[in-house]
Amino acid sequence: MTSVSSLAATVNQCLADALAAALPEAAGGDPLLRRSDRADFQANGMLALAKKLGGNPRELAAKVVDALPAGDVIAQVEVSGPGFLNITLTDEAVTRTLAARAADDRLGVPHAEAPGTTVIDYSQPNVAKEMHVGHLRSTVIGDAVRRILEHRGETVIRRHHIGDWGTQFGMLIQFLIEHPHELDHESDAAGREGEGEAAMARLNRLYKASRAKFDSDEEFKARARDRVVQLQSGDEETLALWHKIVDESKVYFQGVYQKLDVEILDRDVVGESAYNDDLHNVVRELEESGVAVRSDGALCVFFDDVKGPDGNPTPLIVQKSNGGFGYAATDLAAIRDRVGNLKADTLLYVVDARQALHFKMVFETARRAGWLPEADAAKQLAFGTVLGADGKPFKTREGESVRLVDLLDEAIDRAAAVVREKARDLSEEEIAERSAQVGIGAVKYADLSNSMTRDYIFDLNRMVSLNGDTSVYLQYAHARIRSILRRAGEGQHPVAHPELPLAPAERALGLHLDAFAETLADVAREYAPHKLAAYLYQLASLYTTFYDQCPVLKAEGGPAQVENRLFLSEVTGRTLAQGMDLLGLRAPERL
């Protein structure tokens, strides 16, 4: 990998050196460089430094300008206002830096200097239950964060903490014992459905039948409760049937993940049941250390800042008064495993914001117990709610949660209309493939382009639009670039020409392309995929302006200008493709 200094970093260093030369006592001061609409960059640091040193900011700024060395990076520096520096770069520096990025497979994006090990917990569906719209955000956000961290060189261990344990399994297993063919594959019309949908149909049938029996038959209810005890004690027959239900659910999960174009590996699916053996150790250590105390028979952890509506403390209940374990015990055991066995430096939990209090108490308990290596080692990446057009949580007309599969199918159908309109030369097979890429990409991008803590309205019409901040707009920009490169004539190749002057649209595009590496560093540090989405949308917008104002294949400046504009197009296409891949979006060659 080639190390490429960004233009911003180069200019910042030039200013820092000039500042130290002009005023040695100001050495180490921050020039506070940022992009500007008045020039390429603006440095505002002279104001704060002059105030600190008791000087005039305009005079300090003028001294810095005089101390700037002559070179081929900075074309012009102007002192404006109370002491701002407006900095314009040379066209040569812009093109030369982009050429260095283009020569690197990673577009000059460095790996993290000190990568660690991160365990990220995301996409946590419940066994024997359908995935609904509420599972969308954790899956999509978690997958994007995972991709971004891996690209930075972080060791990322995925965990999908599925709900595979609890009292409901007594009911399901007991019914299965009494009706052993209920999950048989040949007993339904699986051939007409996808494998995953067929699995869910069998599980739904089992759940509805067992629930009806449980609610209407007291003797069956008693047998089901006894079966929970046998499950928890490790009875072989009971465990075998439990595994059958879990495996059937995994088949269904994989069908949904495949449609959503998200890779979930079976080895990373580690449910609640995986931590059962450590629950008694969790209780023992918390009680012996005094972190948890008994209250009305339950083992609780109390917090000074967590109180109920009545003003009394609201504890984290680790063990119930009847000896049972709740989510807190399992989550604490998971922390112990991830830090102790997986050697994680950082734990990330992509979980609904409505669970913020639970995780705040779990993390604090783990800190008190000494199970977390650092105070900020565990972090919840809390996300908001998907809303319907009425501004309320997205539901069906009957008030039920929207099935995730139904939502994805509708997105693909809507996208098909867009694909057919734009690409009349595609085969039916190609249309189906592009429709899935566009439809699924639209759903993902609509989620990821919002700050994860915000609620957002699910609007498929807007999501699949070719106009505005949508994945379709990005995909169309990428496909347009690929089309231009395919249509290039003999002898027309993408070649950088630093000696050529750049039009304003070329400069704006080039400066934005150069900011890709710094954007990715910010995105990874803040776990903020929406900032990458915003960068890509601006990149696509700048390319649209460039395309409208700067003819590529028929450039008036001759063959060298054609090559340079093909070069700018190619780097833009590569950057769009890389950025979209980090968000889990496909970048079609044709659309």
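In this predicted model, β1 and strand β2 (residues 41-43) are paired in the antiparallel sense over three bridges, and F41 in β2 is the bridge partner of R35. These strands belong to an open sheet of four, ordered β1-β2-β4-β3 with antiparallel pairing, while another open sheet of four strands, ordered β6-β5-β10-β11, is paired in parallel. The points below take up the two sheets, then two helix-helix contacts, and finally the enclosed cavities.

**The antiparallel sheet**

- The edge strands of the sheet β1-β2-β4-β3 are β1 (33-35) and β3 (74-80), each of which pairs on one side only.
- From one strand to the next, the twist in this antiparallel sheet averages 25°.
- Helix α1 (residues 7-22) lies across β1, β2, β3 and β4 (84-89), and the helix runs at about 130° to β4.

**The parallel sheet**

- In the sheet with the order β6-β5-β10-β11, the edges are taken by β6 (155-159) and β11 (378-383), each with a single partner strand, so that one side of each is left without a neighbour in the sheet.
- The twist of this parallel sheet averages 20° from one strand to the next.
- Strand β5 (residues 117-121) and strand β10 (residues 346-352) pair in the parallel sense over four bridges, and V119 stands opposite L347 in β10.
- Helix α12 (residues 356-369) packs on this sheet, where it touches β10 and β11, and the direction of the helix makes about 175° with that of β11.

**The contact between α10 and α11**

- The axes of helix α10 (residues 279-289) and helix α11 (residues 327-340) come within 9 Å and cross at roughly 90°, and α10 and α11 are therefore roughly perpendicular to each other.
- On the α10 side the contact is made by L279, N281, V282, E285 and L286, and on the α11 side by A329, T330, L332, A333 and R336.
- Sorted by class, the residues in the contact of α10 with α11 are six nonpolar, two polar and two charged.

**The contact between α14 and α16**

- The axes of α14 and helix α16 (residues 471-487) come within 8 Å, with a crossing angle of roughly 130°; this makes α14 oblique to α16.
- From α14, the residues Q437, V438, G441, A442 and Y445 make the contact, and they meet S471, V472, L474 and Q475 of α16.
- By class, this contact of α14 with α16 has five nonpolar and four polar residues, with no charged residues.

**Cavities**

- The structure holds three cavities of 30 Å³ or more, and the largest cavity has a volume of about 40 Å³.
- Lining the largest cavity are A442, Y445, A446, S449, R462, M463, D469, T470 and S471.
- The elements that give two or more residues to this lining are α14 (428-448) and α15 (460-463), and the largest share, three residues, comes from α14.
- The lining of the largest cavity divides by class into four nonpolar, three polar and two charged residues.
- A442 and Y445 of α14 and S471 of α16, which take part in the contact between these two helices, are also among the residues that line the largest cavity.

Terms used:
Residues are numbered from 1 along each chain as its sequence is written. This is a predicted model: local features need pLDDT of at least 70, side-chain atom pairs count only at pLDDT 80 or more; totals for chains, interfaces and linings use all residues. Side-chain values use heavy atoms; hydrogens and water are left out. On a 1 Å grid over the protein atoms alone, a cavity is a set of points where a 1.4 Å probe fits but cannot get out, and a pocket is an open set with protein on both sides within 12 Å along at least five of seven lines; lining residues have an atom within 4 Å of a point. Grid points are joined across faces, edges and corners, and a volume is the space filled by probe spheres set on the points. Ala, Val, Leu, Ile, Met, Phe, Trp, Tyr, Cys and Pro count as nonpolar, Asp, Glu, Lys and Arg as charged, and the others, Gly among them, as polar. Two strands pair if DSSP finds at least two bridges between them. Axes are lines fitted to C-alpha atoms, for helices over the stretch in contact, and angles run from 0 to 180 degrees between N-to-C directions. Contact means heavy atoms within 4.5 Å. Angles under 35 degrees count as roughly parallel, over 145 as roughly antiparallel, 65 to 115 as roughly perpendicular and the rest as oblique.
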